[in-house]
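Work through the exercises below with the model open beside you. Try each task before you read its solution.

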Amino acid sequence: MHWSSFELTSGRFSPDNGRPYACGYVMKSISLIQFLIEERRAGHINAELSLLIEVVARACKRIAVATNKGALGGVLGEAGTGNIQGEAQKKLDVISNEILLEANAWGGQLAACASEEMEDPQPIPDMYPKGNHLLLFDPLDGSSNIDVNISVGTIFSVLRCPDGITEPKAEHFLQAGTTQLAAGYVVYGPATVLVLTFGHGTHEFTLDREVGSFILSRRDIRIPEETAEFAINMSNQRHWEVPMQRYIGELLAGKDGPRAKDFNMRWVASMVADVHRIITRGGVFFYPLDAKIKSKGGKLRLMYEANPMAFIVEQAGGAATTGRERIMDIQPSGLHQRVPVFLGSKNEVDVATHYHVEADAAA
Ligand code: AFP
């Protein structure tokens with residue numbers, strides 16, 4: 001294990017900086033691998049899940065390298081293909097998907113993968129051992145931002161493979177968000193940052209590019225319950241349901257309106273970047289139903305966008321609903337099912353959700 005990422009001070013104990021180590025060393029920083037060992041010792045995860053997260057994190061480092069090459073890497077622009085969503089794929093969508101599939105094929109932690117980019121689950125090749133986990137991912141979220149050099153990211157969710165299932169089909173992935181064993185995202189921004197939860201808090205790791213290690217940068221993140229910052233694509237406003245029009249109208253009315261305070265707006269159009277801002281300083285994110293997408297059930301995908309983000313946000317003290325129910329309680333009906341998403345600072349999610357529930361009750 002390389003020590004260069006740790007500033008080791010032998011013999012001197014500094015409790016505020018780190019913890020005593022086996023041979024008297026004090027570590028000033030904790031790598032992802034050390035954090036995973038701590039989580040195993042705490043009984044929060046088992047060895048197989050620990051190794052799976054290491055493999056996914058290493059694959060995301062490769063995606064970061066590809067993404068950061070930009071025009072010099074020949075990775076910009078359209079791939080000339082389409083995905084199950086009927087969306088034109090960017091080259092980096094395909095590259096990122098391949099990196100995650102290749103990295104996870106041989107390790108023995110997975111029974112199968114499912115991706116936004118593929119209609120059906122990808123089985124583990126017969127020549128490799130199979131494990132007890134199912135991995136779902138959006139390999140490159142926000143890909144419409146790649147060509148304009150705005151942050152994009154990878155979102156992933158880990159489920160347990162049902163006992164006795166060695167060739168998982170789509171129906172074996174259809175588990176409620178509350179059954180997730182782990183969820184995380186990596187945002188490829190000015191820094192490459194991994195945010196992760198196993199159901200025992202939400203934690204952030206920043207990539208030390210010189211060493212190639214993710215280093216714990218924030219432990220037990222808390223999202224403020226109050227916020228004055230919201231994220232929504234305002235261009236859809238005329239298509240929203242009445243309670244959404246009411247809620248956003250009140251935010252826009254500012255301190256002279258019923259909320260008696262001014263609000264600020266942000267919209268990156270990369271869910272990972274918008275959620276990371278909320279994880280970092282609070283806020284609330286909406287992709288509500290609108291008349292254009294009502295027939296599809298929403299814009300964002302439940303299994304590999306809404307559920308993992310909901311797990312991460314709830315573990316940081318936030319809330320995540322569809323405007324009518326808790327996202328993680330939904331019993332999925334399809335691998336690529338779409339849902340409305342309201343997530344972030346709890347008190348604002350509660351107000352917006354209350355308006356929708358109240359409007360339904362009145363109707
Ligand atoms: P792409 O991956 O197709 O860019 O979609 C990104 C996304 O799923 C999510 O990351 C954004 O929050 C949302 O779509 C942006 O949607 P709009 O393009 O309608 O603003």
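**Starting point: a glycine after a helix**

Gly-282 comes just after H6 and takes a positive phi of about 90°. Helices (H or I, at least four residues) and strands (E, at least two) are DSSP runs, numbered from the N terminus. The model is predicted: local features need pLDDT of at least 70, side-chain atom pairs count only at pLDDT 80 or more, and totals for chains, interfaces and linings use all residues. Residues are numbered from 1 along each chain as its sequence is written, and side-chain values use heavy atoms, with hydrogens and water left out.

**Exercise 1. Describe the cover of H6 and its place on the sheet.**

Step 1. Take the cover. Nine of the eleven residues of H6 are buried. Buried means under 20% relative accessible area, exposed over 50%, and partly exposed in between (1.4 Å probe, protein chains only). Among the buried residues are Asp-274, His-276 and Arg-277.

Step 2. Lay out the sheet. It is open, has five strands and runs S12-S11-S13-S17-S15, with mixed pairing. Strands pair if DSSP finds at least two bridges between them. Strand S12 (264-266) and strand S15 (319-321) are the edges, each pairing on one side only. Neighbouring strands are turned by 15° against each other on average, direction ignored.

Step 3. Zoom in on one edge. S11 (residues 229-231) pairs with S12 in the parallel sense, over three bridges. Glu-229 stands opposite Asn-264 in S12.

Step 4. Add the helices. H5 (residues 242-253) lies across S11, S13 (284-287) and S17 (341-344), at about 145° to S13. H6 (residues 271-281) packs on the sheet and touches S11, S12, S13 and S17; its direction makes about 35° with that of S17. Contact here means heavy atoms within 4.5 Å. Axes are lines fitted to C-alpha atoms, for helices over the stretch in contact, and angles run from 0 to 180 degrees between N-to-C directions.

**Exercise 2. Place S5 among its neighbours.**

Step 1. Check burial. Nine of the nine residues of S5 (residues 133-141) are buried, so the strand is largely enclosed by the rest of the structure.

Step 2. Find the parallel partner. S3 and S5 pair in the parallel sense over five bridges. Ala-112 has Leu-134 in S5 as its bridge partner.

Step 3. Find the antiparallel partner. S5 and S6 (residues 152-160) pair over seven bridges. Asp-138 has Ile-155 in S6 as its bridge partner.

**Exercise 3. Sort salt bridges by the parts they join.**

Step 1. Get the total. The whole structure holds 22 salt bridges. Each is a side-chain nitrogen of Lys or Arg within 4 Å of a carboxyl oxygen of Asp or Glu.

Step 2. Take a bridge between loops. In the pair Lys-294 and Glu-241, the closest N and O atoms are 3.6 Å apart. Lys-294 lies in the loop between S13 and S14 (300-301) and Glu-241 in the loop between S11 and H5, so the pair ties together parts that are 53 residues apart in sequence.

Step 3. Take a bridge within a helix. Glu-250 and Arg-246 meet at 3.3 Å, N to O. Both lie in H5, four residues apart, about one turn of the helix. An α-helix has 3.6 residues a turn, so residues three or four places apart point the same way.

Step 4. Compare their cover. Glu-250 is buried at 11% relative accessibility, whereas Arg-246 is partly exposed at 37%.
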